[in-house]
Amino acid sequence: MIRKASLNSIVRCLVWILFSGSLIAQNAPYTITPLQQQAYREVFRMKVGVARTLLGKEAQTNAFKVYVEDYADMVTLLVSDEKKLFDQLAPRQDQRLEILSELPSTSPYQRLWQAEIRLHWAFVKLKFGKEVSACWDIIKAYRLLEENAKKYPHFISTYKSLGMLHVLIGSAPQNYQWVTKLLGLRGNIPLGLSELQKVIEQDSLLRIEAQLVSALLHAYVLKYTEVQNKELIALVESDAQNLLLHFFGTTISMKDGRGTQALQFLSARPTGKEYLPFPFLDYLKGEILLQKGDYEECRSLFEGFLKNYRGQNFLKDTQLKLFLSYWLAGQAQAAIPYLDRIPKVGSAYVEADKFAEKFAQNFKKGEISEQQKTLMKARFAFDGGYLAEAAQVLKPYQEEVFVRTSDKAEFQYRWGRILQRQNQAEAAIPHYERAIVLSKSQSLYFGATSALQLGYIYQNKNLKSKAIEYFKLALNYPKHEYKNSVDNKARAALTLLEVD
């Protein structure tokens with residue numbers, strides 16, 4: 001990581017050399033050399049230093065080299081999460097785009113790499129709270145890719161990111177769709193998935209990226225099934241030296257409540273000095289152990305993460321998780337100092353940090369009941385996929401035991417989720433329906449999430465009208481903590497059911 005002033009001057013010199021237009025290989029600006037392909041693979045494995053060394057052996061700079069250098073910067077920034085480094089590297093986006101703009105426009109690679117670089121920086125900017133600039137980069141990337149598809153419809157590489165954007169735009173909630181149409185952005189989930197599949201089958205260069213994008217879309221936007229999970233395991237195992245694949249294998253597994261599988265990916269991950277330092281992996285393992293109820297062991301991992309991490313995100317959330325590791329264990333006095341630190345550290349860009357801030361405020365106001373311990377233990381166990389343990393936590397209780405309406409609604413919702421995941425969908429239905437009733441007066445998110453799950457249940461039962469009814473109900477809940485996620489999933493489900 002770049003910290004010392006002496007290094008800054010060296011970096012500025014290197015940037016000037018790298019981006020001097022006179023170094024562009026004018027005779028073959030779009031050639032992809034074997035060395036560059038190897039460097040691209042090493043960046044994708046998170047061996048950024050190795051990749052930069054390989055690229056340094058190239059005498060000339062062409063379009064693909066510019067792209068790989070940009071890829072390396074994106075991975076570095078997303079992993080380090082350092083604002084100072086972001087400010088230092090951000091000007092490279094325009095420098096690289098300018099180089100590409102001066103190359104011949106007769107090749108589809110020009111627009112492809114321009115679009116990919118814009119998407120790189122969109123991802124980075126979103127992490128650093130630059131939402132407006134990120135959105136414009138996404139819009140411009142979409143237009144470049146659409147133009148490429150029209151001019152060169154058989155150029156397969158275009159469809160890796162265009163397919164992703166078609167799925168994301170197609171799953172946009174109804175109240176945002178007028179904006180996408182106004183901006184000329186067309187979403188189409190089936191088309192996007194078929195485009196990604198085309199890349200997976202025909203594009204040797206971008207195949208693995210396309211496989212990863214498909215897995216992420218199913219996990220975070222669409223439905224993630226056993227089919228996708230088998231594909232994920234095969235993808236991670238296809239390259240034992242790929243730390244990035246092990247990271248995403250972990251996060252996707254955690255998203256789908258597969259804590260044991262996530263721990264296996266973490267345990268099997270490659271290590272060594274050639275990889276970027278990645279303390280966030282300690283955070284992820286700590287979260288899984290918190291879900292399991294291994295409070296003492298998870299604390300050491302969270303403390304290790306805080307010691308080695310130089311970023312700005314997940315600091316509030318980590319303090320909350322340290323608080324919970326004591327509070328849930330009945331050690332309130334030891335827990336409070338961590339709660340007090342939440343407003344003093346980090347930023348509040350990501351949802352986890354926003355939730356931590358809100359939780360701390362509500363706890364200080366006495367709005368977090370002792371009964372929340374039971375519900376939180378059940379939630380954590382469920383989130384990790386430890387279903388028997390989650391059920392065991394809730395079994396001694398009935399709805400009447402809980403005083404607050406919000407706790408009653410959560411109790412019913414948690415039971416519904418446990419039963420549904422245990423393949424007892426029919427038993428889960430009355431719990432979800434009760435959670436919806438209890439959530440109405442306060443517009444609690446348990447109502448929206450229950451409606452979403454009921455939509456999935458009736459979709460699996462081939463009861464289309466009932467599924468549509470509940471997906472629409474999920475969309476109708478006003479602002480709540482998980483509105484973006486719930487709305488995206490409900491809208492995607494309705495789109496696949498051919499409902500406008």
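**Aromatic pairs, cores and helix packing in a predicted model**

Me: Which residues do ring pairs link into a cluster?
Reply: This is a predicted model, in which local features need pLDDT of at least 70, side-chain atom pairs count only at pLDDT 80 or more, and totals for chains, interfaces and linings use all residues. Residues are numbered from 1 along each chain as its sequence is written, and side-chain values use heavy atoms, with hydrogens and water left out. Rings of Phe, Tyr and Trp (its six-membered ring) pair if their centres lie within 6.5 Å; planes under 30 degrees apart count as stacked, over 60 as edge-to-face and the rest as tilted. The cluster linked by such pairs consists of F247, F248, F278, F280, Y283, F302, F305, Y309 and F314.

Me: How many aromatic pairs does a search of the whole structure find?
Reply: A pair of aromatic rings is described by the distance of the centres and the angle of the planes. The search of the whole structure gives 35 aromatic pairs.

Me: Is the pair of F323 and W327 stacked or edge-to-face?
Reply: F323 and W327 are 4 residues apart in helix α18 (residues 315-327), and are therefore separated by about one helical turn; helices here are DSSP runs (H or I, at least four residues), numbered from the N terminus. Both F323 and W327 are buried, that is, under 20% relative accessible area with a 1.4 Å probe and protein chains only, whereas exposed means over 50%. Because their ring centres are 5.7 Å apart and their planes at 20 degrees, the pair is stacked.

Me: Which helix gives the most to the largest nonpolar core?
Reply: A nonpolar core is a set of buried Ala, Val, Leu, Ile, Met, Phe, Trp, Tyr and Cys residues joined through side-chain atoms within 4.5 Å. The largest one has 155 residues, and V75, F323 and W327 are among those with the most contacts inside it. With 11 residues, the helix that gives the most to this core is α4 (residues 63-80).

Me: Within what arc do the buried residues of α22 fall?
Reply: In helix α22 (residues 387-394), the buried residues are L387, A390, A391 and L394. The face turned away from them carries the exposed residues A388 and Q392. The arc is that of the directions from the helix axis to the C-beta atoms. The buried residues line one face of the helix, because seen down the axis they fall within an arc of 95 degrees.

Me: Which residues is T449 in contact with, leaving aside its neighbours within four places in sequence?
Reply: T449 lies in helix α25 and is buried, with a relative accessible area of 9%. Contact means heavy atoms within 4.5 Å. Leaving aside neighbours within four places in sequence, T449 contacts Y413 and V486.

Technical notes. Helices (H or I, at least four residues) and strands (E, at least two) are DSSP runs, numbered from the N terminus.
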